[in-house]
Amino acid sequence: MRIWAELETIFKEVFFNITFMKIFKLLLFLLLFSFFNFAQSQDLLHFSYGSLSQQRLDLYLPEGNLANKPVVIMLHGGAWTIGGLEYTSKHCQDICNRGFIVANVDYRYVNDKISAKDLLEDIDNAVNYVSSLSKKYGYVKNGYHIAGISAGGHLALLYGYKMKNMKSISALCAPSRLDSPVVFEFMTKKEHLDIIEKLAGVKFNKNAANPAFQSVSPFNNISNIPTLLIHGDADALVNVSLSQNLYAELKNKGVETKLEIRKGKDHDVGMNSPETEIQNISDITNWILQHN
């Protein structure tokens, strides 16, 4: 009996030592893996650029020296009335992983008191806030690029053309003209005409000129900012003809531009499909590097 007790003790000691070593190695591996990932991606930083809940941004910083890295302002979609940073967080991380500094910017929703003017003010305050952080984190103070999807694409175009302080614009599935009868008919059919009326700050008059709607239409405010347009030819929400017409007008005005049509893609422009998202991100980052 004593022999069996001694064998049992030896077995327990051996088993414990093996288990302990395995646990130790596992913990060491996890520690090194976490350290490696932290060194690769640096921090995702959260900031408020204003006092309101939607006046916030996430700043994505790539590894290494940031002095010569391009800075991208990203604007999410959501018909100017819904959505937030979660809409574009993956795309921002993907762009950051390619060596870009990315500010993922949220902004207020339109309502009876908040119009496109206020949304552009939010974007401008966010851009200035990102600039104010440049010395702390070591990136350039100005000369940024702006990109957006859907309503964010509209705002990227409108802000870029009106402020003229961006090196390039990348707009995906952007509603670029809001004063046209086509948009009026579509928004009326969808019972969303009130959204673009809130954006413009006035009611739409289908029997007269609509200067307020022209004022919030990128098509009517073009300036010489290199513009990349990406649109799905099966987009059932924002017709591809809007980007095609804007592209033609940019060419007519001598503005450097490029139009990428995604065959068979709906309003997401393929951003929810891994292969097409990679292509879109590549087109955006190549356009930015070309104009940085």
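Which strands pair in the antiparallel sense over five bridges? I began my notes with this, keeping in mind that the model is predicted, and found that strand β1, residues 44–48, and strand β2 are the two that pair in this way.

**Entry 1, the strands.** I looked up one bridge between them and saw that S48 has R56 in β2 as its bridge partner. I then turned to the other pairing of interest, where β2 and strand β4, residues 101–105, are antiparallel over four bridges. Here I noted that L59 is bridged to A103 in β4. Strand β2 itself spans residues 56–60, and I found it mostly covered, with four of its five residues buried.

**Entry 2, the cores.** I met L59 again when I looked up the largest nonpolar core, which has 60 residues, and in which L59, I73, L75, W80, Y139 and I146 touch the most other members. I also noted a second core of 20 residues lying apart from it, with C92, C173, M271 and W287 among its members. As background, I reminded myself that in soluble globular proteins nonpolar side chains tend to be buried together.

From the list of well-connected members I chose Y139 and wrote down its contacts, leaving aside residues up to four places away in sequence. The residues that Y139 touches are L59, L61, L66, V71, I101, V130, L133, S134 and Y144.

**Entry 3, the cysteines.** How many disulfides does the structure hold? I found zero, and I looked at C92 in particular, where the nearest cysteine sulfur, that of C96, is 9.0 Å away. Because a disulfide needs the two sulfur atoms within 2.5 Å, this separation of 9.0 Å is too far for a bond between C96 and C92. I also checked whether these two cysteines are buried or exposed. C92 is buried, with a relative accessible area of 0%, and C96 also counts as buried, at 4% relative accessibility.

**Entry 4, the aromatic rings.** I counted two aromatic pairs in the structure and followed one of them, formed by F204 and F213. Their ring centres are 4.8 Å apart and their planes stand at 80°, so I recorded the pair as edge-to-face. The reasoning rests on the angle, because planes over 60 degrees apart count as edge-to-face. I looked up the burial of both partners as well, and F204 counts as buried at 13% relative accessibility, while F213 is buried with a relative accessible area of 0%.

Key:
Residues numbered from 1 in each chain as written. Predicted model: local features only at pLDDT ≥ 70, side-chain atom pairs only at ≥ 80, totals over all residues. Heavy atoms only, no water. Core = buried A, V, L, I, M, F, W, Y, C linked by side-chain atoms within 4.5 Å. Buried < 20%, exposed > 50% of the residue type's maximum accessible area, 1.4 Å probe, protein only. Contact = heavy atoms within 4.5 Å. Phe/Tyr/Trp six-rings, centres within 6.5 Å; stacked < 30°, edge-to-face > 60°. Pairing = 2+ DSSP bridges.
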